[in-house]
Amino acid sequence: MGIDASKIFVVSIMPCVAKKGEKLRADQSASGYPDIDAVLTTRELAKMIKQNGVLFDRLPEGTFDNPLGEFTGAGVIFGATGGVMEAALRTAVETITGKTLDNVNFTEVRGTAGIKKAAYTAGDLTVNVAVASGLTNAKEICEAVKNGTCDAHFIEIMCCPGGCVNGGGQPIMDAFVRNTEDYRAKRAAALYKEDAECKNRKSHDNPVVKDVYDTYLGNPGSHKAHEILHTTYVSKK
Ligand code: SF4
């Protein structure tokens, strides 16, 4: 868009308190400027909206600014455990088979169970997948990988039980709600409803994503994409 990168101020609004730590990482500056300038949790944003007397539910409908306003259902469901897996499967199966999916719903990886497993067919391949949320469940999968008893080709791990809908930066539910409502499932259901109503439900159908690859990153997995979009981890014992 021809905007000087030094003039861009990026605020991330996240369900996750870990984003505040990610902001401080030395490798978060693909453009030479910080990728993120400030991080708010959803809880903090909600508090700011209330403190400023903004009647959010009475605001007129508006549209998001592009390019970041263009989204797909695949992105929406990232917030629920199994959502990243399902989004990736939508793209992987179509990429492997070269055919358009009749049904983009991979319902076996949905739901709030701590560990979910499924097998899917993609062309000649049978892909075993495993999804874990909550660190106790993550540990169980990791131990199975270590001792060679896990047959999954593709594993999704979310730290928070239920995924980001239950992230540390999300509004805190009082004890009564926690004990009487399955709020993780309700928040996830809202995301799946939004996904079902989206015009585009697959990441690779997002016109802006396609354009970014065509004009800047090259192919998915290209050297440039790897340099800019991937990260590494170190042990913090
Ligand atoms: S699952 Fe929890 S820790 Fe992981 S990204 Fe989501 S909110 Fe953050």
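# A walk through a predicted model

At 9% relative accessibility, K202 counts as buried. The word has fixed limits here: buried is under 20% relative accessible area, exposed is over 50%, and partly exposed is in between, with a 1.4 Å probe and protein chains only. This is a predicted model, in which local features need pLDDT of at least 70 and side-chain atom pairs count only at pLDDT 80 or more, while totals for chains, interfaces and linings use all residues. Numbering starts from 1 along each chain as its sequence is written, and side-chain values use heavy atoms, without hydrogens or water.

## Salt bridges

K202 forms a salt bridge with D205, a residue that is partly exposed. A salt bridge means that a side-chain nitrogen of Lys or Arg lies within 4 Å of a carboxyl oxygen of Asp or Glu. How many salt bridges does a search of the whole structure find? There are 12, and the table shows three examples.

| Salt bridge | N to O distance | Relative accessibility of Lys | Relative accessibility of Asp or Glu |
|---|---|---|---|
| K202 and D205 | 3.8 Å | K202: 9% | D205: 26% |
| K7 and D4 | 3.7 Å | K7: 64% | D4: 39% |
| K146 and E143 | 3.9 Å | K146: 67% | E143: 35% |

With these values, K7 is exposed and its partner D4 is partly exposed. Likewise, K146 is exposed, and E143 is partly exposed. K146 and E143 are three residues apart in helix α5 (residues 135-146), so about one helical turn separates them. The helices in this report are DSSP runs of H or I with at least four residues, while strands are runs of E with at least two, numbered from the N terminus.

Back at K202 and D205, the closest N and O atoms are 3.8 Å apart. Elsewhere, salt bridges with shared partners link E86, R90, R110, D195 and R201 in one network.

## Three buried residues

E86, a member of that network, sits in helix α4 (residues 83-97). Is E86 buried or exposed? Its relative accessible area is 0%, so E86 is buried. Apart from neighbours within four places in sequence, E86 is in contact (heavy atoms within 4.5 Å) with I77, V104, N105, F106, V109, R110 and Y192. One of these contacts, R110, also belongs to the network.

V76 is part of helix α3 and counts as buried because its relative accessible area is 17%. Residues far along the chain can meet in space. V76 and D195 show this: they are 119 residues apart along the chain, and their C-alpha atoms are separated by 6.1 Å. If residues up to four places away in sequence are left out, V76 touches F71, L191, E194, D195 and C198.

R187 belongs to helix α7 (residues 183-197). Although R187 is buried, no salt bridge is found for it. Where is the nearest side chain of opposite charge to R187? That side chain is D182, 9.4 Å away; Lys and Arg count as positive, Asp and Glu as negative, and His and the chain ends are not counted. A polar atom of the R187 side chain does lie 3.3 Å from the backbone oxygen of P171. P171 is also among the contacts of R187 beyond four places in sequence, together with V165, N166, Q170 and M173.

## Two domains

An automatic or database domain assignment divides the protein chain into domain 1 (1-70) and domain 2 (71-205). Eight residues from domain 1 and nine residues from domain 2 take part in the contact. The centres of the two domains, taken over C-alpha atoms, are 24 Å apart.

About 720 Å² is buried between domain 1 and domain 2, with 52% coming from carbon and sulfur atoms. P15, R43 and E70 supply 69% of the area that domain 1 buries against domain 2, more than any other three residues. Buried area is the accessible area (1.4 Å probe) that two parts lose on being put together, summed over both.

Between domain 1 and domain 2, the count of salt bridges is zero. The interface does hold eight residue pairs in polar contact, both residues being at pLDDT 80 or more. A polar contact is a pair of N or O atoms within 3.5 Å; within protein, one must be able to donate a hydrogen and the other to accept it, and residues adjacent in sequence count only if both atoms are side-chain atoms.

## Backbone details

Most residues other than glycine have a negative phi, and most peptide bonds are trans. A cis peptide bond, with omega about 10°, joins N66 and P67. P67 lies in the loop between α2 (42-51) and α3 (73-76).

Helix α8 (residues 207-217) has a feature at its start: a side-chain oxygen of N206 comes within 2.9 Å of the backbone nitrogen of V208. Just after α8, G218 has a positive phi of about 85°.
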